[in-house]
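Trainee: Before we look at details, could you show me how to read a model like this one, going from a whole chain to a helix and then to a contact between chains?

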Amino acid sequence: MNKNGKPIIEVRDLRQFFPIQEGFLRRTIGYVKAVNGVSLTINEGETLGLVGESGCGKSTLGCAILRLYEPTGGEVILHDGDEKLSVLELSHREMRQVRANMQMIFQDPFASLNERMTVLENVIEPLVCNNIGTSQEREAKAENLLMQVGLQKEHLRRYPHSFSGGQRQRIGIARALSIEPKFVVADEPVFALDVSVQAQILNLMQELQAEFGLSYLFISHDMAVIRYVSDRIAVMYVGKLVEYAERDELLQHPTHPYTEALHSAVPRLAQRGRRDRIILEGAPPDPGDLPPGCVFQTRCKYAEAKCRAEEPELREISDGHFVACHLAEDLNLVGIQS
Amino acid sequence: MSKNNVRHNTEDLILEIKNLKTHFMLDTGTIHAVDGVNLTISRGKTLGVIGESGCGKSVTAHSILRLIPSPPGKIVDGEILLHRDGEVIDITKLKPTEEMMRNIRGNDIGMIFQEPMTSFGPLHTIGDQIMETILIHNDAANKNEARDQAIDLLRQVGIPNPEQRIDAYPHEFSGGMRQRAMIAMALCCSPTLLIADEPTTSLDVTIEAQILELLTGLQAQTGMAIMLISHNLAVVSEMADDIAVMYLGKRVEFGSTDAIFDNPLHPYTQGLWQSIPSVDGPLEKLVPIPGIVPSPRDLPPGCVFASRCSEFMPGICDAPKPVPIIEAEPDHFVACYLYSNG
């Protein structure tokens, strides 16, 4: 994998709020802060794993980076060669061209393909939308890609309904890659798949990454999958990044109590019959009604007065290791030993 | 680990499944959802059943409780023997609706389902639904006693403020809370066996940890046996004493958790181990099992795994006869020709 440390996507203080409306006049009485000030960088050829529980805003963050929503605030910068494009300030016409560099692989392979188009047409469609090549060239390209993701020639004229989940996900991947993007958001791409098929898709995504020099933002709730695919891992909790670092650093030396609890909760294969889990009480707070101070303080066993009063900033505590916790230096947290 | 001793004392047996076959007769053909499965569950132990979607693990569970919709489903062969106070009842011989079967459901065997969102009726409070179960299974109880009992159960499964929460409707509970309430309902007649069908699949990991901890605690307290059905190998590895691996309606391997993990024998089990990522242990490249699970409508002849197997032996594995089940080491069974001598 090519990792020269050159950024491809920079996200600065990105916010995505959704209004809560009430009553006949639909007056706005508050906001669900789905993504609440997230900053991160994704380098060329690297995979950033984004892990968190349902409702923490990880999919919303993925969509907001691609501007599938109109973010409430913040900046997304796409590096195209030496050019820097501020994605959120572009017009719709300019956005079209930029989107060719940024694509998405969706979670549900049963909902993301057009059922009325053949497999081949599904993959050609993005090329047509972006005005790339002549119709012969488009077809040849789509055919090549579909072979590369492991479909057979006789599959190309069939409709998506005749394929299994794993094969549909392969088609979804071919479609996302057809216009040669540099950056791909993969939103739980193996969530709906059986374990034996999951490995096929994960390996395919890695092979394609090496071949096309892709950068992935890989979103998953499954820490084992995230560990397998990621160079760096970011942990999200109720709209905030709480920690992010190199993969092994984050797994072995977590510095945020939520990361520690998450590690502890994940069932393990190598350590059987383990009975030392940290059990987090209760559930995450409502993103429409956040507690004061740190977002995690309501469930954190280390929380002090400061945590309930003041919101911690995401700060770099060692080289490339960022954490949003007041107590990070004082805690001696337990990671996963491999 | 001494808890993984599989040698079953016949006195401790709760449930024995022998050569169970549950088929679905559809217009388009017969689906052999469960096709010759053998399982044993002992008092106080946890049996893990693992396999991918469509392998028949849920149909096995539903067969035990006689919840298979009929038609089209039917138990066509085999025995499900329930050991109760010295007597042995063959569940397959009972009618799904008869008194004895209704008694077994709930009193002897409780079940928690995968979907905590849809397992409760939306129109009644959680309390009413738990109380209904108590009143049906315990003739002596009156409404007030049932309510007290339901509050106790909710407290036992860790629902805060059970006195108030008992009057809540299912939609007012979060997924984890609903799963707790589901467990409370399954426990209300102190079953000797709890069947948990993917109990944590739709839950977040931190909530999953809460539920697994709760089940372990309740098992230690009540001594009930648990049949844990899951596709998540890590969950099963942490919870189970014995493991049965299923593939396309067959039980391909059965043994203690240690045996299944440290010395997997069936090529499918070995393939599963190499194809799942783990959060701990060395980080190795995953080796996927090639191909996909064949359709249960037209099963290949001979071994059902033959078409994806790396050890496939032409003329042996695809011979149209049942694959022998071999005890490769004490209490470790595998259905594979690789281990048959001759």
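Mentor: Keep in mind that this is a predicted model. A chain can be read first through its contacts, and in chain B, among contacts between residues at least 6 apart in sequence, 63% join residues at least 24 apart.

Trainee: How many helices and strands does chain B have, and why can it be called as compact as a globular protein of its length?

Mentor: Chain B holds 10 helices and 12 strands. Its radius of gyration is 21 Å, close to the 20 Å that the globule rule gives for 342 residues, so chain B is as compact as a globular protein of that length. The C-alpha trace of chain B spans about 65 × 45 × 40 Å along its principal axes, and buried residues account for 49% of the 342 residues.

Trainee: What span should helix α6 of chain A have, and what do its buried residues pack against?

Mentor: A helix can be checked by its rise: at 1.5 Å a residue, the 18 residues of α6 (residues 195-212) of chain A should span 26 Å, and the end C-alpha atoms are 26 Å apart, which agrees. Its buried residues, among them A:Val195, A:Ile201 and A:Leu208, pack against α5, β7 and α7 of chain A together with α10 of chain B. Just after α6(A), A:Gly213 takes a positive phi of about 65°.

Trainee: Which helix gives the most to the side of chain A that touches chain B?

Mentor: The contact takes 37 residues from chain A and 36 residues from chain B. On the side of chain A, α6(A) gives the most, with 7 residues, and by class that side has 19 nonpolar, 11 polar and 7 charged residues.

Technical notes
Residues are numbered from 1 along each chain as its sequence is written. Chains are lettered from A and ligands numbered from 1 in the order in which they are written. This is a predicted model: local features need pLDDT of at least 70, side-chain atom pairs count only at pLDDT 80 or more; totals for chains, interfaces and linings use all residues. Helices (H or I, at least four residues) and strands (E, at least two) are DSSP runs, numbered from the N terminus. The expected span of a helix is 1.5 Å times one less than its number of residues. A residue is buried if 20 or more other C-beta atoms lie within 10 Å of its own, exposed if 12 or fewer, and partly exposed in between; C-beta atoms are placed from the backbone. Two residues are in contact if their C-beta atoms, placed from the backbone, lie within 7 Å. The radius of gyration is taken over C-alpha atoms; the globule rule is 2.2 Å times the number of residues to the power 0.38. Ala, Val, Leu, Ile, Met, Phe, Trp, Tyr, Cys and Pro count as nonpolar, Asp, Glu, Lys and Arg as charged, and the others, Gly among them, as polar.
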